[in-house]
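Please work through the exercises below with the sequence and the structure at hand. Each task is followed by a solution in steps.

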Amino acid sequence: MSSVIVCSGPHDGHVSPMVGVARRLIDRGHRVRFLTGPAYQDAVEAIGAEYLPLGPGAEHATEPSAATGVQAIREGIRGLVIEPARGQYLPLAAAIAAEPTDAVLAEVTFVGAATLSRLPRSKRPPIITCGILPLTLSSRDCAPYGSGLAPGKGPGARLRNQAMNWLISNVVLKDSQRQVDALTRELVGVGLDGLFILDWARRTELIAQFTVEEFEYPRSDAPGNLRFFGPMSRHAASASVTPKPDWWGELDGSRPVVYVTQGTVSNEDFTALVGPTLEGLAGEDVTVVVSTGRRPLESLPPLPANARAAEFLPDAELLPKVDVYVTNGGYGGLHYAMENGVPIVVAGDTEDKPEGAARVAWAGVGINLKTGRPKQEAIRDAVQKVLGDGRYRAGSQRIGAAIAASPGVDGLIDEMEAMLRKV
């Protein structure tokens, strides 16, 4: 049995996949301590892991930023990297000092593990970086993370990518880079030494990306420690305990089903996506299904005659009935749709969502509306196009087949165990 520390920032979309990894580690006989915010203590202890609290400045989730573009990148670095650095690293270092630790598994935004990775390998356990977001690694073949741009083709695109990468690291994030370097020196006595902030995982023993290669941009300069395992959680209809609403029987295949949700985080303002989707499809021969992400149904705008809503839905049973998935682009939700071969209309422009949205279009699995507040006409036209063009469903089914063939959480644990046998 190995002793493992699993680390996550205090955000639903970060904690959830890491809880899935921790649960399976425990099933396979490993001791797990889980370092995250107090809001998730019950969820951690429910799977049999030992809860470890984050320190001051890192315990609670920051409010999602409405910024886009360059400003969103700066705010993301500040909120996810600079502000929680001490409150993540110090409890992690204390936990490692308290008892022998064989490995640290940390989601990619957990800067405490990035700080730990600057120490010599002889002074720390192996670190596995868990890619819960679109791959952040910079590359000469890709535009910078956060730009929402696909790689492009040909020498012109490569020149554009190289110029943009230089601009981001040497101008846009120059001050952020300096601040992180100073923090790292303060905490562990070693700076970044020229390593770009978003590339910290290159210095870890394994980058476990929670997707398949078919849904990630190819990088000719990808590091040798990068592996693709597919999404950690897979749908299993038989395991669902979510009660079904009384209108469930209407989803009988008599007309197309369009499923729209803003997830469980960015769901404070339904005028962003849910509202225009309801309005845009009100006159269409489709059934629109809405999940509020556990918010009260009263918070929704008025439902047209062809719409049905619930606070939460059993996605594992719903998605096989869905013809189009309309989303603001959460990474987990995109994979759930593709696992079921469902084509996607995506509208997201904050946090990591532009990167997921760009990959939807690049992979041919759906349409990227390139905004977080699309017009109802744009949604209607995109849904009509996806319903009428079988290439989008075929693209999603192709990714779904790759997901089905990917090793998932057991593959990740197999790789970890093989690594530890060599240590």
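The exercises that follow concern salt bridges and a surface patch in this predicted model.

**Exercise 1.** Determine which element holds aspartate 181 and arginine 185, and state how their side chains meet.

*Solution.* Step 1: Locate the two residues. Both belong to helix α7, which covers residues 174-188. Step 2: Consider their spacing. Aspartate 181 and arginine 185 are four residues apart, about one turn of the helix. Step 3: Examine the side chains. They meet in a salt bridge, with an N to O distance of 3.0 Å. In general, side chains of opposite charge can pair when their charged atoms come close.

**Exercise 2.** Classify aspartate 181 and arginine 185 as buried, partly exposed or exposed.

*Solution.* Step 1: Recall the cut-offs. A residue is buried under 20% relative accessible area and exposed over 50%, and partly exposed in between. Step 2: Apply them to the acid. Aspartate 181 has 19% relative accessibility and therefore counts as buried. Step 3: Apply them to the base. Arginine 185 has 42% relative accessibility, so this residue counts as partly exposed.

**Exercise 3.** Describe the salt bridge between arginine 308 and glutamate 250, and state where each partner lies.

*Solution.* Step 1: Give the distance. The closest N and O atoms of arginine 308 and glutamate 250 are 2.9 Å apart. Step 2: Place the partners. The pair links distant parts of the chain, 58 residues apart: arginine 308 lies in strand β10 (residues 307-310), and glutamate 250 lies in the loop between β7 (226-228) and β8 (257-261). Step 3: Classify both. Arginine 308 is partly exposed because its relative accessible area is 22%; glutamate 250, at 39%, is likewise partly exposed.

**Exercise 4.** Analyse the pair formed by glutamate 355 and arginine 359, and then name the residues that salt bridges with shared partners join into one network.

*Solution.* Step 1: The pair forms a salt bridge whose closest N and O atoms are 2.8 Å apart. Step 2: The residues are four apart in helix α11 (residues 353-362), so about one helical turn separates them. Step 3: Glutamate 355 and arginine 359 are both buried. Step 4: The network consists of Arg24, Asp27, Arg28, Asp410, Asp414 and Glu417.

**Exercise 5.** Identify the residues that form a nonpolar surface patch with Trp166, and classify tryptophan 166 by its accessibility.

*Solution.* Step 1: Trp166, Leu167 and Val171 form the patch, with about 310 Å² of accessible area together. Step 2: Tryptophan 166 lies in helix α6 (residues 154-172). Step 3: Its relative accessible area is 54%, so tryptophan 166 is exposed.

Key: Residues numbered from 1 in each chain as written. Predicted model: local features only at pLDDT ≥ 70, side-chain atom pairs only at ≥ 80, totals over all residues. Heavy atoms only, no water. Patch = residues over 30% accessible without salt bridge, like charges linked within 9 Å, V, L, I, M, F, W, Y side chains within 5 Å. Areas by Shrake-Rupley, 256 points an atom, 1.4 Å probe, with all protein chains shown as cover. Salt bridge = Lys/Arg side-chain N within 4 Å of Asp/Glu carboxyl O. Helix = DSSP H or I, 4+ residues; strand = E, 2+ residues; numbered from the N terminus. Buried < 20%, exposed > 50% of the residue type's maximum accessible area, 1.4 Å probe, protein only.
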